[in-house]
Structures are given as structure tokens and as C-alpha cells.
Amino acid sequence: MNILILTHTFSDKVIGGEARISWELPVALAKRGLNVFVVTPYVEKNITDKLFSNLRVYKVPFCHPSPGLDASNMLRMFFYSLPLIFLKKIDIIHLISSNGPCPFSKFKFGKKFVESADISHNYHDPLIKEELWEDRLKKKEADHIDYKPGIAEKIFDKFTSLFYGIFGLNEIYPRGTDLFACRATKIINYLKGQNYRAELVYIPNGVDIEKFRPQISLNTGNNRFTFLFVGKLTKTKGLAYLLDAFNRLSENNKFIDLLLIGGGASSTVKYFTEKSKENKNIHFLGIKSADEIKNYYMSCDIFIMPSLSEGFGIANLEAMACGKPVISTRVGGIVDVVVDGETGLLVNPANVNELYLAMEKFLDNPGMVIKMGGMARKRVVENFSWNIVAEKLHNAYASILSYEKQS
């Protein structure tokens, strides 16, 4: 089986959920013996030295810096990939970078088109829309992208808009898709309700259970209780509510710490640091490497991700794989991963009091931390290892190809 993978980046160093998936999933599929061809605007230097012989990577030229896979870079990838489809006898075209129009949904050339699907942010939700819009407007600043298009780029952008408009390529979930690899069960229910004819399969994100695993705590003996956050420092991640809850909790608990790993738009980071400057137990650690982050997972007591909106939340998986319970919110695909009361605690988004009570509950019940941590590890191993995820996706590929033969 020959698979063409389309993604915005291919790197084992770039931090972020979508970047992690774009690296780990093609590798996991190649391990299963599939022939995988990755097409992407960005390729990590010397990455080919780490790949299997049946995993090849192609860098698309003339792409501009972008926080994700935008329309004009997607169109470049489309044109670049056309010869590969026929020369490599591709069976499946899979867009991993989720939720966006793709020309292959309209022009499949007899192949099957698969798209990964996340839950989109609801920019009209009155509870969270201000935070979501603010982060969206600062996305390039957060990713340190200072790009000004030249004349040629502006012409191509206009051509892209015309191309997408003429062929109706403007749906978040393109109708021409043969299989949606849904990262949340909620998406399956939504697409069924919209009468999509595509195959709908729950394919969650995975985690490397050998790399992320429990080890002896690195903070043994200091008698402090540590909460950890890993992710972009944005308002969408619910950090303003987390800081308020932790400030309240630390009023009567001086032996607790909150560690925050990640970067963001400088103006947003400044807002958070100003908000917490009176609390010496809040530590902004900046951006860390994947290996460093792994060590922080192992050394914390509780991982916390209070997102206002989230497609999946891969950091929850990584922490759980390290045997840590999580506090997270009832949004997006998180509800499919975290079992409330068993592997962690779920609270409603944008709710300081619920966050405070969840943190206090773990603080007052150290035995619950150990018990839920063990159950968290067990759940990840049984349901979310990359081997299991790749097997599910492989079976889904085979299903749509088999359906074509039968028909």
C-alpha cells in the first residue's frame, strides 16, 4: 500500500501537537510496512538519516513561512504532488494537517482522499470568543513569523483565491473526502448529522509509550507539590483562569509550584507574567526541547491543561503516559482521552472555581495522585500508543480500498 502524506512540517524537533503527529504518524505507518511519501513545505535538517527505507520525504519549494498549512502553500503542495501520485502509484492521499480545503478532495485522479479532522474553534461562543479572536490575530507573532509577501507571492495568493473560489474549495470538512480520520468522537456525530457520505472513523492522536513512561520522580525529597502546564502560552489555553486558581490555592499552601513550559506572543506572555508577578511559586520556564519536556512530565505531580477550546490536547496523553493524572477541560477530543474521576479530573472551561477545587482535591489526596496516575498510564498503553493508532488507520485505509474493489 502506497500512502502520500500531506503535512505542514516534518520534524522530530518542532514542538506542538500537530507537529508531533506529522512526524510520529508517518513513521508508525512505515513501521507497519506501508510505503509512505511525505510532502511538506518544511523538512528538518538531516532528518532523512533517521528514516526507514520505505519512508521518503519531499520538500515543496517556494512555500512561505506560515503557522500552519494555509491555502496558497496547500495549492503548491497539490501541484508538486501530481507527478508523485502517478510515478509512485499512490493508493491513498492523506492530509494530516486537519480542517481545511484541499484540492485533492475535488481532484483525486482515481485515488482515495483521507483527511484528519479536528473540532474547530467556535469563534462565536460568547464565553470564550474574545480570547480566541485575540490569539488568532497574534498567531504569527506567537510563532515568530515576520513575513512580508513580495509581488510574485501576492499574485499567487490572488490566483489561489480564484482557484479555490471557482472549484468551491472552501469547506472546513471537504465533501469530496473518502475517509475522515476523526480525532474526536464528537466530529463523527457532527458529520453524520450533516449527511456526509465519507467513511467516519475515530483515529485519535498517539504517543510514544517507550519515550514517555513513568520513572522515579526527579523532585524526590523536596516536599513540594508541583503542577505542570505544557503548551503555547495563549489565552485559548485557559492560562488566565489557571493563574487565578493557582494564586487562590497558594494563599494557604506555600509548598506548591506551578511550572509553565512554552512560548507565545510577547504581548500575551507579558500579560501572564504581569498577572502572576506577585506569586513567587509561579515559574515561566520558556520553550524546552522534547527531551526536557519529558523530564518535567516525570517530575511533576499533576499535569494541567485548562483549555477553553482544544482539538485534541496531545500533552494530556504525554503526561498520562508518564503516569501522571491530569486536570483538563470538557472540550474537544479531551473528553475521549481523560476519564473523569479515573485518570484525572475534568472541569468546565473558563471556570476558576472548578479549577481551584480540582487542584485542591489532588493536593489533599496524595493517594489519589498515585492511583489515577497508574490508571492514566494503563489507559494510554491500551488505547493510544502509536502502534495501536497506526493499526487503526491502516485498517481504515484498507477498508476504503476494499470498498472500491467491491463496487
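**Notebook: cores and a cavity**

I began with the largest nonpolar core of this predicted model. I found 62 residues in it, and Leu29, Tyr297, Phe303 and Tyr397 are the ones that touch the most other members. I then asked which helix gives the most to this core. It is helix 14, residues 386-406, with eight residues.

Next I picked out Tyr397 and listed its contacts, leaving aside residues up to four places away in sequence. Tyr397 touches Met1, Ile3 and Ile5, and also Leu29 and Leu34. Further along the chain, I noted Ile92, His94, Val114 and Leu179 as partners of Tyr397. Leu29 is a nice one to pause on, since this partner of Tyr397 is also among the core residues that touch the most other members.

Then I turned to the empty space. How many cavities of 30 Å³ or more does the structure hold? I found one. The largest cavity has a volume of about 60 Å³.

I wrote down what lines the largest cavity: Ile21, Leu25, His94, Ser116, Ala181, Arg183, Ile203, Pro204, Asn205, Trp386, Val389 and Leu393. By type, I sorted this lining into eight nonpolar residues, three polar and one charged. Helix 1 (17-31) and helix 14 each supply at least two residues of the lining. Helix 14 has the largest share, with three residues.

Two names tie my entries together. Helix 14 gives the most to the largest core and the largest share of the cavity lining. His94 touches Tyr397 and also lines the cavity.

Note on methods. Residues numbered from 1 in each chain as written. Predicted model: local features only at pLDDT ≥ 70, side-chain atom pairs only at ≥ 80, totals over all residues. Heavy atoms only, no water. Core = buried A, V, L, I, M, F, W, Y, C linked by side-chain atoms within 4.5 Å. Buried < 20%, exposed > 50% of the residue type's maximum accessible area, 1.4 Å probe, protein only. Helix = DSSP H or I, 4+ residues; strand = E, 2+ residues; numbered from the N terminus. Contact = heavy atoms within 4.5 Å. 1 Å grid on protein atoms, 1.4 Å probe; cavity = no way out; pocket = protein on both sides within 12 Å on 5 of 7 lines; lining within 4 Å. Points joined across faces, edges and corners; volume = space filled by probe spheres on them. Nonpolar A, V, L, I, M, F, W, Y, C, P; charged D, E, K, R; others polar.
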